[in-house]
Amino acid sequence: MSIITTITRMWLTKSFRPFRFTNEYDSKFSYDDCKNLGLYVHIPFCRSICSFCPYCKEIYDKDNCNKYIDHLIKEIKMVGENQKEKRKVTSLYFGGGSPALAVDRLDDIIETIKKYFIITEGIGIELHPYDITIPILQRLNDAGITKISIGIQSLNEKFLGILGRNNFDMKNIEEALSAVAFETVSMDFIFALPNQTIDDLKADIDTAFKIGANHIAIYPFIDFTFTNSTIKPMNKKEKRKLLDDITIYCKNKGYVRNSIWTFAKNGNEKYSSMTRDNFLGFGCSATTLLKEQFKINTFSVNEYCKRIDENKLATSLTIKFTLRQRILYYLFWTAYSTKVREDDFEKFFGVPLKKVYGFELWAAKIFGFITENHGIYAMTLKGAFYYHYYENFYTLSYIDKMWETMRKEAFPKELSF
Ligand SMILES: C[S@@+](CC[C@H](N)C(=O)[O-])C[C@H]1O[C@@H](n2cnc3c(N)ncnc32)[C@H](O)[C@@H]1O
Ligand code: SF4
């Protein structure tokens, strides 16, 4: 456990109490009081497994995938039936895995969701480059999907090789994207790979926008301890320089940074399943964030189906937040958008942000991490780098440990950080 995350947690929550997750869970729960509620559906199947990838997934098998989706639909009904009336939600995101492998079943899932929820800001889906064909895109479009995010990772053969990913034909991708239109076409890249330079990244960014993206996400490579990756992470100084250079390059091109890692061509394109105040997650490893709790489903497809067969939710671990823990969680993920608004915070918690963290905000301004303008705190370049630096500790201290345990045990008894 990183000493840095422990000290920060104690300082910011003003308590020695750790984040404690247990296997007790509410079989019925209400989300009546959750504003800005989003939905997430996880489809954990891939054509092949990438050595660097930490997410919950297994090799695709048609029968297994169909069986999983039958159970997923049942889980949506179990949670949806908690509400008396149809509930408005912002967006629905499909992630994975490679959810397009279940393209034949997306209609079934969306139809079930629409029995209980009204989606107001569109539906998004994560795609593998191999999914970018005119027939698949057309089916996604027909199913009502408005945003796609393509896991390109790199457009350079050398870095694809380092990542152990096969090459793909950019011409086919460009053709398919020009034939079927989506509101947001985002492309994911991984940076800070060995010997990667800003020129390599500039070339990828330019090509991405040229072949049809209107939004990009550039994630720093994270070396999760439980993956089989042999990639050596870049040192702090080089990584900082790359992140600053990417940001300056995108800003000079007129792209709008709408989160730590994402840039939009015109400013209004959005693809983010993370920066939402509350969300309900369905499927293996999916997480649910409510006003007072956060829970995560089991990572095991078999155990997930067994639980649902018993008419029980497949929740693996739950944390009931203290108020300070919830505030910290809110700020961490809101800061991901690079901006925190005083008004939004006060609406959510009923207390002014300055009353809770007046000293910390003052110190962050003095150190040049943030600026303040009419109640909006915005991250500076330096702030964005240190946020990333801290997020890396957070990811390796909390997420890495939790996911490693959950990959081995379907329903661990307890986890404390
Ligand atoms: C769940 S993956 C899904 C994308 C799709 N299945 C694909 O691989 O093309 C979402 C994104 O997480 C990012 N990612 C995966 N492993 C990562 C790692 N170790 N470090 C940084 N980013 C990672 C990749 O950019 C990837 O596109
Ligand atoms: S990176 Fe994408 S394709 Fe590769 S294993 Fe992860 S989810 Fe599957």
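The bounds of the domains discussed here come from an automatic or database domain assignment. The structure is a predicted model.

**Domains and their contact**

The protein is divided into domain 1 (1-17 + 323-417) and domain 2 (20-264). Taken over C-alpha atoms, the centres of domain 1 and domain 2 are separated by 23 Å. Their contact draws 20 residues from domain 1 and 18 residues from domain 2. On the side of domain 1 that touches domain 2, α13 (381-408) and β21 (414-416) each supply at least two residues. Of these, α13 gives the most, with 11 residues.

The table sets out the residue classes of two groups: the side of domain 1 that touches domain 2, and the shell around ligand 1.

| Group | Nonpolar | Polar | Charged |
|---|---|---|---|
| Side of domain 1 that touches domain 2 | 9 residues | 6 residues | 5 residues |
| Shell around ligand 1 | 9 residues | 6 residues | 2 residues |

**The nonpolar core**

The largest nonpolar core has 97 residues, and those with the most contacts inside it are Leu39, Val41, Ile148, Phe191 and Ile216. Because domain 1 and domain 2 both give residues to this core, it lies between them. In soluble globular proteins, nonpolar side chains tend to be buried together. Leaving aside residues up to four places away in sequence, Ile148 touches Ile125, Leu127, Leu140, Phe182, Val185 and Ser186.

**The surroundings of ligand 1**

There are 17 residues around ligand 1, of which His128, Gly151, Asp188, Tyr219 and Ile222 come nearest. The elements that give two or more residues to this shell are β6 (92-96), β9 (147-153) and β10 (184-191).

Methods
Residues are numbered from 1 along each chain as its sequence is written. Chains are lettered from A and ligands numbered from 1 in the order in which they are written. This is a predicted model: local features need pLDDT of at least 70, side-chain atom pairs count only at pLDDT 80 or more; totals for chains, interfaces and linings use all residues. A residue is near a molecule or strand if its C-beta atom, placed from the backbone, lies within 6 Å of it. Helices (H or I, at least four residues) and strands (E, at least two) are DSSP runs, numbered from the N terminus. Ala, Val, Leu, Ile, Met, Phe, Trp, Tyr, Cys and Pro count as nonpolar, Asp, Glu, Lys and Arg as charged, and the others, Gly among them, as polar. A nonpolar core is a set of buried Ala, Val, Leu, Ile, Met, Phe, Trp, Tyr and Cys residues joined through C-beta atoms within 7 Å. A residue is buried if 20 or more other C-beta atoms lie within 10 Å of its own, exposed if 12 or fewer, and partly exposed in between; C-beta atoms are placed from the backbone. Two residues are in contact if their C-beta atoms, placed from the backbone, lie within 7 Å.
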